[in-house]
Amino acid sequence: MTDTAGTSAAWTAALHAHGRRVTKQRLAVLAAVERHPHSPAEAILAAAREDLPELTAQSVYVVLGDLTELQMLRRFEPPHSPALYETRVGDNHHHAVCISCGRVEDVDCAVGHAPCLTPHWDAGAKPMTIQIADVLYQGICEDCQRAQQLPSERN
């Protein structure tokens, strides 16, 4: 595997804590997502096959679903994109997506606590206790601005 021993040990402990066996498939998928955050399943399969060439697409989809359910991976779906996965879990961060090239960057919560947005409830609505606010920023990254000769907010 190409992950560090400390990361592998942490994943092993987390899998055991969730009552899951530590398998080479699970470790290969975790390492692939760690190396390539914000990637779709197909890219994770290709990256995981670097460590485990015999890995099947079905195995990757099953592992991604299981690890997402365990909250060891985070799955999010930007518009016009397949679901993307990352190992950054346990915080209330958001994402910025370049509408030109599709690059995704993590964005910390603007307020610093979850949720960072408080909904306004219409009359007659049955309010909920909000636990997560999922914000997606969309814009054009600096590389695409330069390529398209668009003004940057920083200029």
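What follows is a chat about the fold, the sheet, the cysteines and a helix pair of a predicted model.

Biologist: I'm new to this one. How many helices and strands does the protein chain have?

Modeller: Five helices and five strands. Keep in mind that this is a predicted model.

Biologist: And in what pattern do they come along the sequence?

Modeller: It reads α-α-α-α-β-β-β-β-β-α.

Biologist: What share of the residues is buried?

Modeller: The protein chain has 155 residues, and 34% of them count as buried. On the outside, about 9800 Å² is exposed, with 52% of that coming from carbon and sulfur atoms.

Biologist: What about contacts between residues at least 24 apart?

Modeller: If you take contacts between residues at least 6 apart in sequence, 44% of them join residues at least 24 apart.

Biologist: OK, on to the sheet. What's the strand order?

Modeller: The order is β4-β3-β5, in an open sheet of three strands with mixed pairing. β4 and β5 are at the edges with a single partner strand each, so each has one side without a neighbour in the sheet. On average, neighbouring strands here are turned by 25° against each other, ignoring direction.

Biologist: Mixed how? In which sense does β3 pair with β4?

Modeller: Antiparallel, over four bridges. With β5, which covers residues 136–139, β3 pairs in the parallel sense, also over four bridges.

Biologist: Which residues partner alanine 96?

Modeller: Alanine 96 has glutamate 105 as its bridge partner in β4, and tyrosine 137 in β5. Valine 97 has a partner in β4 too, namely valine 104.

Biologist: What sits between β3 and β4?

Modeller: Five residues, and the two strands form a hairpin. Glycine 102 is in the turn, with a positive phi of about 85°.

Biologist: Is β3 mostly covered or mostly open?

Modeller: Mostly covered: of the five residues in strand β3 (94–98), four are buried.

Biologist: Switching to cysteines. How many disulfides are there?

Modeller: Zero.

Biologist: Why is cysteine 98 not bonded to cysteine 101?

Modeller: Because their sulfurs are 3.7 Å apart, which is too far for a bond; the cut-off used here is 2.5 Å. Cysteine 101 holds the closest cysteine sulfur to that of cysteine 98. Cysteine 144 is in no disulfide either, and its nearest cysteine sulfur, in cysteine 141, is 3.6 Å away.

Biologist: Are cysteine 98 and cysteine 144 buried or exposed?

Modeller: Cysteine 98 is buried, at a relative accessible area of 5%. Cysteine 144 counts as buried as well, because its relative accessibility is 10% and the limit is 20%.

Biologist: Now the helices. Which residues of α3 are buried?

Modeller: In α3, which spans residues 41–51, the buried ones are Ala41, Ile44, Leu45, Ala47 and Ala48.

Biologist: And what covers them?

Modeller: The cover includes helices α2 (24–35) and α4 (57–69), along with strand β2 (84–86).

Biologist: How do α2 and α4 sit against each other?

Modeller: Their axes come within 10 Å and cross at roughly 75°. That makes α2 and α4 roughly perpendicular to each other, because angles from 65 to 115 degrees fall in that class.

Biologist: Which residues meet there?

Modeller: From α2 you have Gln25, Arg26, Val29, Leu30 and Val33. They meet Val60, Val63, Leu64, Asp66 and Leu67 in α4.

Terms used: Residues are numbered from 1 along each chain as its sequence is written. This is a predicted model: local features need pLDDT of at least 70, side-chain atom pairs count only at pLDDT 80 or more; totals for chains, interfaces and linings use all residues. Side-chain values use heavy atoms; hydrogens and water are left out. Buried means under 20% relative accessible area, exposed over 50%, partly exposed in between (1.4 Å probe, protein chains only). Contact means heavy atoms within 4.5 Å. Accessible areas come from the Shrake-Rupley method with a 1.4 Å probe; for residues, only the protein chains shown count as cover. Two strands pair if DSSP finds at least two bridges between them. Axes are lines fitted to C-alpha atoms, for helices over the stretch in contact, and angles run from 0 to 180 degrees between N-to-C directions. Angles under 35 degrees count as roughly parallel, over 145 as roughly antiparallel, 65 to 115 as roughly perpendicular and the rest as oblique.
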